[in-house]
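Here's a small set of exercises to work through with the viewer open. Try each task before you read its solution.

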Amino acid sequence: MAHKYAYLTEMNSIKYMIMKDLFESAVNFIKKCNLSRTGIIYHSDADGISAATIIAKTIKKYHKDFPKLRIPVNYSEPYLAEEMVSQVASSNVDRLIIVDVAAERKENLSILTKLGEHAGILVIDHHPPRN
């Protein structure tokens with residue numbers, strides 16, 4: 001008798017394939033990071049700091065040092081801010097990893113678009129997208 005959790009529905013198989021593709025894309029993005037031109041933006045709460053640390057250590061694994069630019073997002077207001085665009089532009093990073101910041105929030109989309117003009121972006125977040 002099959003265990004009730006041992007099989008996947010067709011929809012779960014599709015979700016698995018999508019997640020696998022997204023994960024592989026994220027790993028490839030990180031592997032291609034040029035260390036001196038990589039930045040991390042993270043929420044300055046416990047899970048944001050933890051996520052940033054894991055990403056930084058992962059980058060160090062591939063590139064032997066930590067990312068050049070690290071920008072914490074205010075703990076009480078987890079939004080991307082306009083000054084981050086100038087920080088990214090002046091630092092000459094070409095890849096940016098954003099962790100634990102609800103980047104898809106309406107308040108963040110215009111900043112995210114501006115950041116994307118200066119660097120390739122990977123967003124990793126455990127919060128489900130809204131709408």
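**Exercise 1. Work out what covers the buried residues of helix 3, and which residues those are.**

Solution. This is a predicted model, so keep that in mind throughout.
- Start with the cover: it includes strand 1, strand 2, strand 3 and helix 4.
- Now pick out the residues underneath. Met84, Val85, Val88 and Ser91 are the buried ones in helix 3. They span an arc of only 145° around the axis, so they sit on the same side of helix 3.
- The spacing fits a general rule: an α-helix has 3.6 residues a turn, so residues three or four places apart point the same way.
- Finish at the end of the helix. Right after helix 3 comes asparagine 92, with a positive phi of about 65°.

**Exercise 2. Do the same for helix 4: which residues are buried, and which are exposed on the other side?**

Solution.
- The buried set is Asn108, Ile111, Leu112 and Leu115. Look down the axis of helix 4 and these residues fall within an arc of 110°, so they line one face of the helix.
- Flip to the other side of helix 4, and you'll find Lys106 and Thr113 exposed, meaning over 50% relative accessible area.
- As for the cover over the buried residues of helix 4, it includes strand 1, helix 3, strand 3 and strand 4.

**Exercise 3. Find the strand order of the sheet and say which strands are at its edges.**

Solution.
- Four strands would be a fair start: the 4 strands make an open sheet, ordered 2-1-3-4, with parallel pairing.
- The edges are strand 2 (69–73) and strand 4 (120–124), each of which pairs on one side only.
- From one strand to the next, the twist averages 15°.
- Next, check the pairings. Strand 1 (residues 38–43) runs parallel to strand 3 (residues 95–99), with 5 bridges between them. Glycine 39 has leucine 96 of strand 3 as its bridge partner.
- Strand 1 and strand 2 are also parallel and joined by 5 bridges. Here, histidine 43 has valine 73 of strand 2 as its bridge partner.

**Exercise 4. Place helix 3 and helix 4 on the sheet, using the strands they touch.**

Solution.
- Helix 3 (residues 82–91) packs on the sheet and touches strand 1, strand 2 and strand 3. Its direction makes about 175° with that of strand 2.
- Helix 4 (residues 106–116) also packs on the sheet, touching strand 1, strand 3 and strand 4. Its direction makes about 140° with that of strand 4.

**Exercise 5. Sort the residues of strand 2 into a covered face and an uncovered one.**

Solution.
- Recall the general pattern: in a regular strand the side chains alternate between the two faces of the sheet.
- Apply that to strand 2. Leu69, Ile71 and Val73 make up the covered face, while Arg70 and Pro72 make up the uncovered one.

**Exercise 6. Look for ring interactions: how many aromatic pairs are there, and what lies over the face of phenylalanine 29?**

Solution.
- Searching the whole structure for aromatic pairs gives 0.
- Phenylalanine 29 does have a charge over its face: arginine 95, at 4.5 Å from the ring centre.

**Exercise 7. Zoom out: what pattern does the protein chain follow along the sequence?**

Solution.
- Count the elements: 4 helices and 4 strands.
- Read in sequence order, they give α-β-α-β-α-β-α-β.
- Then add the overall numbers. Of 131 residues in the protein chain, 34% count as buried. Among contacts with a separation of 6 or more, 76% link residues 24 or more positions apart.

Terms used
Residues numbered from 1 in each chain as written. Predicted model: local features only at pLDDT ≥ 70, side-chain atom pairs only at ≥ 80, totals over all residues. Heavy atoms only, no water. Phe/Tyr/Trp six-rings, centres within 6.5 Å; stacked < 30°, edge-to-face > 60°. Lys NZ or Arg CZ within 6 Å of the ring centre and 35° of its normal. Pairing = 2+ DSSP bridges. Helix = DSSP H or I, 4+ residues; strand = E, 2+ residues; numbered from the N terminus. Axes fitted to C-alpha atoms, helices over the stretch in contact; angles between N-to-C directions. Contact = heavy atoms within 4.5 Å. Buried < 20%, exposed > 50% of the residue type's maximum accessible area, 1.4 Å probe, protein only. Arc of directions from axis to C-beta.
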